[in-house]
Amino acid sequence: LYSLPMNLFPLSIASRKRMKEWLAYIECALIFLLLTACRNNKVKQSPYGTENIIGKEIKITTNIPFLLLNDTLKNLPKSDYTIINYIDSSDCVACNLYTLEWKFFMEEIESSSPHKVTLVVYVLPQEKDRTSDLKWILIGDDFNYPVCFDKENNFARINQLPVEKMFHTFLLDADYKIVLVGNPITHPSIREKYKSTLCAEQ
């Protein structure tokens, strides 16, 4: 708030002090209202929480082939569980692939529970991201898991994915229904939940 020039008003020192206090109170109130409005706006962008998405069926798009290194897949391998990792174009796609981290995690799961889970990655490339460059990253890191370059964003649209990244990675059961939500690569606590679920049944 702008300070008023005190020489315009013939006020006593005590009155001026009270006026400054009131102006400070008003400023604090405005800041509080702004913070509350921002918080409410954030809540509106998240119409449902984790508990409401558990059990929801995820539709796997089949109109676009999946890449598996230098090969293509028309149908995904069937397994007890499937991890879906969706990467949108809001950030650096190449930075968020985490190919080596995913490989290490999947090898860790595979060592305890062989052939139990499949990893599938959907990528919505940015305009500046050339698909050929992203493919070379996958090949260079020997990322031997199905990847779909979904340029039309069909997967997110069909499944009505929210904008929040925490809802972009799922553990699905054999019927493609959500069991867990969250990225085990970037969140250690979620990683432990994945491991306890996938390694519980031997």
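## A tour around helix 5

Select helix 5 and look at the face turned away from its buried side: there you will find the exposed residues Trp136 and Gly140. Keep in mind as you go that this is a predicted model.

**Stop 1: the other face of helix 5.** Now pick Thr131, Leu134 and Leu138 within helix 5, which spans residues 131-140; these three are buried. Why do they sit on the same side of helix 5? They cover an arc of only 65 degrees around the axis, and that puts them on one and the same side of helix 5. The general rule behind this is familiar: an α-helix has 3.6 residues a turn, so residues three or four places apart point the same way.

**Stop 2: the cover.** What lies over the buried residues of helix 5? Show helix 3 (93-96) and helix 4 (99-112), then add strand 4 (117-123) and strand 5 (147-149); the cover includes these four elements.

**Stop 3: just past the helix.** Follow the chain out of helix 5 to Asp142, and check its backbone: phi is positive here, near 55 degrees.

**Stop 4: a loop histidine.** Go back along the sequence to the loop between helix 4 and strand 4, and select His115. Is His115 buried or exposed? Its relative accessibility is 69%, so His115 counts as exposed. Leaving aside residues up to four places away in sequence, His115 touches Ser79 and Glu110. Next, draw a C-alpha to C-alpha distance from His115 to Asp80: the two are 8.3 Å apart in space, although 35 residues separate them in sequence.

**Stop 5: two cysteines.** Select Cys148 and Cys199. Cys148 is buried, with a relative accessible area of 0%, whereas Cys199 counts as partly exposed at 21% relative accessibility. How many disulfides does a search of the whole structure find? The count is zero.

**Last stop: the whole chain.** Zoom out and colour by secondary structure. You should see seven helices and seven strands in the protein chain, and reading along the sequence gives the pattern α-α-β-β-β-α-α-β-α-β-α-β-β-α. Of the 202 residues in the protein chain, 37% are buried. If you switch on the contacts, take those with a separation of 6 or more: 76% of them are between residues 24 or more positions apart. Finally, turn on the surface. The accessible surface of the protein chain is about 12800 Å², and carbon and sulfur atoms account for 57% of that area.

How values were computed. Residues are numbered from 1 along each chain as its sequence is written. This is a predicted model: local features need pLDDT of at least 70, side-chain atom pairs count only at pLDDT 80 or more; totals for chains, interfaces and linings use all residues. Side-chain values use heavy atoms; hydrogens and water are left out. Buried means under 20% relative accessible area, exposed over 50%, partly exposed in between (1.4 Å probe, protein chains only). Helices (H or I, at least four residues) and strands (E, at least two) are DSSP runs, numbered from the N terminus. The arc is that of the directions from the helix axis to the C-beta atoms. Contact means heavy atoms within 4.5 Å. A disulfide is a pair of cysteine sulfur atoms within 2.5 Å. Accessible areas come from the Shrake-Rupley method with a 1.4 Å probe; for residues, only the protein chains shown count as cover.
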